[in-house]
Amino acid sequence: ELFVQYLATYSYKHGRGKEKNSLTYSDLSHTAEECETFQFLADILPKKILASKYLKMLEKEKRDGEVREDDEEDEDEEDEDETVDEDVGS
C-alpha cells in the first residue's frame with residue numbers, strides 16, 4: 001500500500017499532475033521509464049501507443065526478421081562453398 005502511494009505521489013509531482021490537478025496513466029508510465037527506482041515497472045506500465053502504430057511495428061519486425069533469415073541462408077551457402085573448395089584442393 002505504501003509503495004503504491006509512493007509511486008502515485010512521485011508520478012504526480014514529476015509528471016503533469018500538478019498542471020492538470022490529476023494523475024494520469026501517462027504520468028505513471030513516464031515515471032516507470034525515467035526513474036531508476038521504478039524501472040522494473042516499465043513492462044507493466046508501457047507507454048500507450050495507437051493500435052495502427054503497433055501494427056506497423058509488428059509488420060516492420062516481420063520484414064526485418066525475413067531479411068535476417070535470408071542473410072543467414074546466404075552465409076550458410078557461402079560456408080558450404082568454402083568447404084567444397086577446401087575438399088577439392090586436398
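A residue counts as buried when its relative accessible area is under 20%. With that cut-off in mind, consider Ala32, which has a relative accessible area of 1% and is therefore buried. I should say at once that the model before you is a predicted one.

Let me set out the overall architecture. The secondary structure of this protein amounts to four helices and zero strands, and from the N terminus onward the elements follow the order α-α-α-α. Of the 90 residues in the protein, 13% are buried. As for contacts between residues at least 6 apart in sequence, 22% of them join residues at least 24 apart.

I turn now to helix α3, where Ala32 is located. Which residues of α3 are buried? They are Asp27, Leu28, Ser29, Thr31 and Ala32. The cover over these buried residues includes α1 and α2, the latter spanning 17–20.

What does Ala32 itself touch, once neighbours within four places in sequence are left aside? Its contacts are Phe38, Gln39, Leu41, Ala42 and Leu45. A further position on that stretch of chain is Ile44, which lies 12 residues from Ala32 along the chain, with 8.7 Å separating the two C-alpha atoms.

Next, the packing of α3 against α1. Two packed helices are described by the angle between their axes and the distance between the axes. Here, helix α1, residues 2–14, and helix α3, residues 25–34, pack at an angle of about 100 degrees, and their axes are 9 Å apart. That angle makes α1 roughly perpendicular to α3, because values from 65 to 115 degrees are classed in that way. On the α1 side, the residues that meet α3 are Leu7, Tyr10 and Ser11; on the α3 side, they are Asp27, Leu28 and Thr31. By class, the contact of α1 with α3 comprises three nonpolar, two polar and one charged residues.

Asp27 deserves separate attention. This residue belongs to helix α3. Is Asp27 buried or exposed? Its relative accessibility is 6%, and so Asp27 counts as buried. Setting aside residues up to four places away in sequence, Asp27 touches Ser11, Gly15, Arg16, Gly17 and Ser22.

One of those partners, Gly15, sits in the loop between α1 and α2. Gly15 counts as partly exposed because its relative accessibility is 25%. In space, Gly15 and Leu28 are 8.1 Å apart, C-alpha to C-alpha, with their positions 13 residues apart in sequence numbering.

Finally, I come to the largest pocket, whose volume is about 220 Å³. Its lining consists of His14, Gly15, Arg16, Thr24, Tyr25, Ser26, Asp27, Ser29, His30, Lys47 and Lys48. Both Asp27 and Gly15, already discussed, are thus among the lining residues. Which element gives the most to this lining? It is α3, with five residues. By class, the lining of the largest pocket divides into one nonpolar, six polar and four charged residues.

To draw the threads together, α3 packs against α1 at an angle of about 100 degrees, and α3 also gives the most residues to the lining of the largest pocket. Within α3, Asp27 meets α1 and lines the largest pocket, while Ala32 is buried at a relative accessible area of 1% and is in contact with residues including Phe38 and Leu45.

Technical notes
Residues are numbered from 1 along each chain as its sequence is written. This is a predicted model: local features need pLDDT of at least 70, side-chain atom pairs count only at pLDDT 80 or more; totals for chains, interfaces and linings use all residues. Side-chain values use heavy atoms; hydrogens and water are left out. Axes are lines fitted to C-alpha atoms, for helices over the stretch in contact, and angles run from 0 to 180 degrees between N-to-C directions. Helices (H or I, at least four residues) and strands (E, at least two) are DSSP runs, numbered from the N terminus. Angles under 35 degrees count as roughly parallel, over 145 as roughly antiparallel, 65 to 115 as roughly perpendicular and the rest as oblique. Contact means heavy atoms within 4.5 Å. Ala, Val, Leu, Ile, Met, Phe, Trp, Tyr, Cys and Pro count as nonpolar, Asp, Glu, Lys and Arg as charged, and the others, Gly among them, as polar. On a 1 Å grid over the protein atoms alone, a cavity is a set of points where a 1.4 Å probe fits but cannot get out, and a pocket is an open set with protein on both sides within 12 Å along at least five of seven lines; lining residues have an atom within 4 Å of a point. Grid points are joined across faces, edges and corners, and a volume is the space filled by probe spheres set on the points. Buried means under 20% relative accessible area, exposed over 50%, partly exposed in between (1.4 Å probe, protein chains only).
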